[in-house]
Amino acid sequence: MPLNKIKLNIAGSSYTINSMDPEEQVLAIAKTLDQDMRAVLGQSPSASVTAAAVLCAMTYLDKLDKSSKGADNMRLQIKQYLEEANKA
């Protein structure tokens, strides 16, 4: 699969990245990050772009962790339901 060279603008800085993901997907992610970082910067005018990026990363990782734990819990419940159904 070929690499896509994609130009991004996040919080006023331009980046060019190479990705195997579809350009539309990468642009959508960059747009979300840009909006989230601008929201942090708007709420805390003294915050740096780096601080905004760290806060966004912490938020995203927290959501990922909670989603992963939720998915693990659902898999466990399904496994238990299937075991109970097999016994019945």
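## Working through a hairpin and two helices

Asparagine 4 stands opposite serine 19 in S2. That pair is a handy way into this predicted model, so let's work through some exercises.

**Exercise 1. Work out the order of the secondary structure elements, starting from the N terminus.**

Step 1: take stock of what there is. The protein has 2 helices and 2 strands.

Step 2: walk along the chain from the N terminus. The elements come in the order β-β-α-α.

Step 3: pin residue ranges on them. Strand S1 covers residues 4–10 and strand S2 residues 13–19. Helix H1 takes up residues 23–43, and helix H2 residues 49–87.

**Exercise 2. Describe how S1 and S2 pair, and find what is unusual about phi at alanine 11.**

Step 1: check the direction. S1 and S2 run antiparallel, with 7 bridges joining them.

Step 2: look at individual partners. Lysine 7 has threonine 16 in S2 as its bridge partner, and asparagine 4 sits opposite serine 19.

Step 3: go to the turn. The hairpin has 2 residues between its strands, and alanine 11 belongs to this loop between S1 and S2.

Step 4: read the backbone angle. Alanine 11 has phi near 50°, which is positive even though the residue is not a glycine.

Step 5: see how covered the loop residue is. Alanine 11 counts as buried because its relative accessibility is 13%, and the cut-off for buried is under 20%.

**Exercise 3. Sort serine 19, leucine 41 and lysine 63 into buried, partly exposed or exposed.**

Step 1: start with serine 19, in strand S2. Its relative accessibility is 10%, so serine 19 goes in the buried group.

Step 2: move on to leucine 41, which is in helix H1. Leucine 41 has a relative accessible area of 22%, so this one is partly exposed.

Step 3: finish with lysine 63, a residue of helix H2. At 53% relative accessibility, over the 50% cut-off, lysine 63 is exposed.

**Exercise 4. List what serine 19 and leucine 41 touch, skipping neighbours within four places in sequence.**

Step 1: for serine 19, the contacts are Pro2, Leu3, Asn4, Ile6 and Val26. Asn4 is a familiar name here, as the residue opposite serine 19.

Step 2: for leucine 41, the contacts are Ala11, Ala47, Ser48, Val49 and Ala52. Ala11 brings us back to the loop between S1 and S2.

**Exercise 5. Set sequence separation beside distance in space for three C-alpha pairs.**

Step 1: within H2, lysine 63 and valine 49 are 14 residues apart in sequence and 21 Å apart in space.

Step 2: take leucine 41 and aspartate 62. They lie 21 residues apart along the chain, with 20 Å between their C-alpha atoms.

Step 3: end with serine 19 and alanine 85, which are 66 residues apart in sequence and 44 Å apart in space.

**Exercise 6. Decide how the overall dimensions of the protein match up with those of a compact globule.**

Step 1: compare radii of gyration. The protein comes out at 19 Å, whereas a compact globule of 88 residues would be near 12 Å.

Step 2: look at the spans. Along its principal axes, the C-alpha trace extends about 60 × 40 × 15 Å.

Step 3: add burial and contacts. Buried residues are 14% of the 88. Of the contacts with a separation of 6 or more, 19% link residues 24 or more positions apart.

Step 4: round off with surface and charge. The accessible surface is about 7,000 Å², and 58% of it belongs to carbon and sulfur atoms. The protein carries 10 positive and 10 negative charges, with their mean positions 2 Å apart.

Key: Residues are numbered from 1 along each chain as its sequence is written. This is a predicted model: local features need pLDDT of at least 70, side-chain atom pairs count only at pLDDT 80 or more; totals for chains, interfaces and linings use all residues. Side-chain values use heavy atoms; hydrogens and water are left out. Helices (H or I, at least four residues) and strands (E, at least two) are DSSP runs, numbered from the N terminus. The radius of gyration is taken over C-alpha atoms; the globule rule is 2.2 Å times the number of residues to the power 0.38. Buried means under 20% relative accessible area, exposed over 50%, partly exposed in between (1.4 Å probe, protein chains only). Contact means heavy atoms within 4.5 Å. Accessible areas come from the Shrake-Rupley method with a 1.4 Å probe; for residues, only the protein chains shown count as cover. Lys and Arg count as positive and Asp and Glu as negative; His and the chain ends are not counted. The place of a charge is taken as NZ of Lys, CZ of Arg, CG of Asp or CD of Glu. Two strands pair if DSSP finds at least two bridges between them.
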